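Let's take a walk through a protein model together. Keep the 3D view open and turn it as you read.

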Amino acid sequence: MSLLNQLFNRGVFGAKCKTCLNLAIARIKLLQNKRDSQTKLMRKEIAQFLQTGQEAIARIRVEHVIREQNIWAAYEILELFCEFILARVPIIDSQRECPTELQEAISSIIFAAPRCSDVPDLLLIKNLFSTKYGKAFVSSVSELRPDSGVNRTIIEKLSVSAPSPEVKLKVLKEIAREYNLEWDSSNAEAELSKRHEDLLGGSKPITGGAGHFQPPAYQGTFNSSNSQREIPTLPNHIIKESQQPQLPNPPSRVPSSGTNEIQASTKYDNAAAVRNVKMETGLHTSSDILERARAALASAERATASARAAAELANVKFR
């Protein structure tokens, strides 16, 4: 049954392929003339921008010119391939496999069909070859496998990547020579040679400067360049007294005036010592932090000892 289908479909494939190839050739010629006139107009506008000193706009517009020129060159190659296949349609129709001498032309048309939306006839040709040679052949061409045989110039001309700075500078110089402009290309060369920073990865941290300062955290130890030394932490009862509100003391036999003065002086000395220790955490030099912390701890211990001695003395006198 498949043999009968091949016999009956042999003439149908040849007729459809010839029709699509003729339509594609005619459409490509029209598009070439249209793009040629558009390219000339764009080159003239770029020359005016260069003459008036608007190089920034000229550097942007030249990318469109390069794109149009690449498509025009790709259309020229595709037109030749279509004419070549049109002359070999009887050979293609008589063989089941793709002929070796026609593989480059057929593969290039299949590859360019979805990338040339202005020529819908190429998609019809691609569908005809997909039906004849199978989807595996078309997928190998679309994925550009090593054995696909697609023309390298077609791949480069139909690429969507941005043109290189060298190509843009070359086209700008050609336009300046074409319109006899005395254009100094040094500024354009310096601008195109710049490497712009990639901001997709986020902003980079600022290193150095007066605004980039992180004060050291006081955790009981200080790291210096020469050694690591531990500083004794404050007694727990001093920190609790400075942070918690003072509760009223129960009545005792000690006179209230002397006891209140001792407690007030003790709380003031302890709170001042804690504040001094906290303020020293913002200093830049580790040696200053060590000396001042030790002095604050020593003053706090002396104040605590004097307060205890005064309280014991008062209790002994009034017993």
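The sections below go from the whole chain to its helices, and then to a few single residues.

## The whole chain

First things first: this is a predicted model. The protein chain has 12 helices and 2 strands. Starting at the N terminus, the elements come in the order α-α-α-α-α-α-α-α-α-β-β-α-α-α.

How much of the chain is buried? Of the 319 residues in the protein chain, 33% are buried. There is also a lot of contact between distant parts of the sequence: take the contacts between residues at least 6 apart in sequence, and 73% of them join residues at least 24 apart.

## Helix α4 and what covers it

Helix α4 covers residues 103-112, and it is mostly covered, with 8 of its 10 residues buried. Those buried residues are Ala 105, Ile 106, Ser 107, Ser 108, Ile 109, Ile 110, Phe 111 and Ala 112. What does the covering? The list includes α2, α3 (89-94), α5, α6 and α7.

Let's pick out one of those neighbours. Helix α5 (residues 121-133) packs against α4 at an angle of about 125°, and the two axes are 9 Å apart. That angle makes α4 oblique to α5. The crossing of α4 past α5 is left-handed. On the α4 side, the contact uses Ile 106, Ile 109 and Ile 110, while α5 brings in Leu 122, Ile 125, Lys 126, Phe 129 and Tyr 133. Sort the residues of this contact by class and you get 7 nonpolar, no polar and 1 charged.

## A pair of rings in α5

Two residues from that contact are worth another look. Phe 129 and Tyr 133 both sit in helix α5, 4 residues apart, which is about one turn of the helix. An α-helix has 3.6 residues a turn, so residues three or four places apart point the same way.

How are the rings of Phe 129 and Tyr 133 arranged? Their centres are 6.0 Å apart and their planes are at 5°, so the pair counts as stacked. Phe 129 and Tyr 133 are both buried. The structure holds 3 aromatic pairs, and Phe 129 and Tyr 133 also join Phe 13 and Phe 137 in one aromatic cluster.

## Where α2 meets α8

Now move to helix α2 (residues 55-87) and helix α8 (residues 165-178), which pack at an angle of about 95° with their axes 10 Å apart. Angles from 65 to 115 degrees count as roughly perpendicular, so that is the word for α2 and α8. From α2, the contact takes Ala 58, Arg 59, Val 62, Glu 63, Val 65 and Ile 66; from α8, it takes Val 167, Lys 168, Val 171 and Leu 172. By class, the contact of α2 with α8 has 7 nonpolar, no polar and 3 charged residues.

Pro 163 is in the loop between α7 and α8. It touches Glu 63, Ile 66 and Lys 168, leaving out residues up to four places away in sequence. Pro 163 and His 64 are 99 residues apart in sequence, but their C-alpha atoms are 9.9 Å apart in space. Pro 163 is partly exposed, with a relative accessible area of 23%.

## A buried arginine

Is Arg 43 buried or exposed? Its relative accessible area is 12%, so Arg 43 counts as buried. You'll find Arg 43 in helix α1 (residues 2-51).

Not counting residues up to four places away in sequence, Arg 43 touches Val 65, Gln 69, Val 171, Glu 174, Ile 175, Glu 178 and Tyr 179. Val 65 and Val 171 may ring a bell, as they take part in the contact of α2 with α8.

## Two positive phi angles

Most residues other than glycine have a negative phi. Leu 144 is not a glycine, yet its phi is positive, at about 55°. Leu 144 lies in the loop between α6 (135-142) and α7 (152-157), and its relative accessibility of 35% makes it partly exposed.

Asn 180 also has a positive phi of about 55° without being a glycine. Look for Asn 180 in the loop between α8 and α9 (186-192). With 69% relative accessibility, Asn 180 counts as exposed.

Key: Residues are numbered from 1 along each chain as its sequence is written. This is a predicted model: local features need pLDDT of at least 70, side-chain atom pairs count only at pLDDT 80 or more; totals for chains, interfaces and linings use all residues. Side-chain values use heavy atoms; hydrogens and water are left out. Axes are lines fitted to C-alpha atoms, for helices over the stretch in contact, and angles run from 0 to 180 degrees between N-to-C directions. Angles under 35 degrees count as roughly parallel, over 145 as roughly antiparallel, 65 to 115 as roughly perpendicular and the rest as oblique. A crossing is left-handed if the near helix is turned anticlockwise from the far one by less than a right angle, and right-handed if clockwise. Contact means heavy atoms within 4.5 Å. Ala, Val, Leu, Ile, Met, Phe, Trp, Tyr, Cys and Pro count as nonpolar, Asp, Glu, Lys and Arg as charged, and the others, Gly among them, as polar. Rings of Phe, Tyr and Trp (its six-membered ring) pair if their centres lie within 6.5 Å; planes under 30 degrees apart count as stacked, over 60 as edge-to-face and the rest as tilted. Buried means under 20% relative accessible area, exposed over 50%, partly exposed in between (1.4 Å probe, protein chains only).
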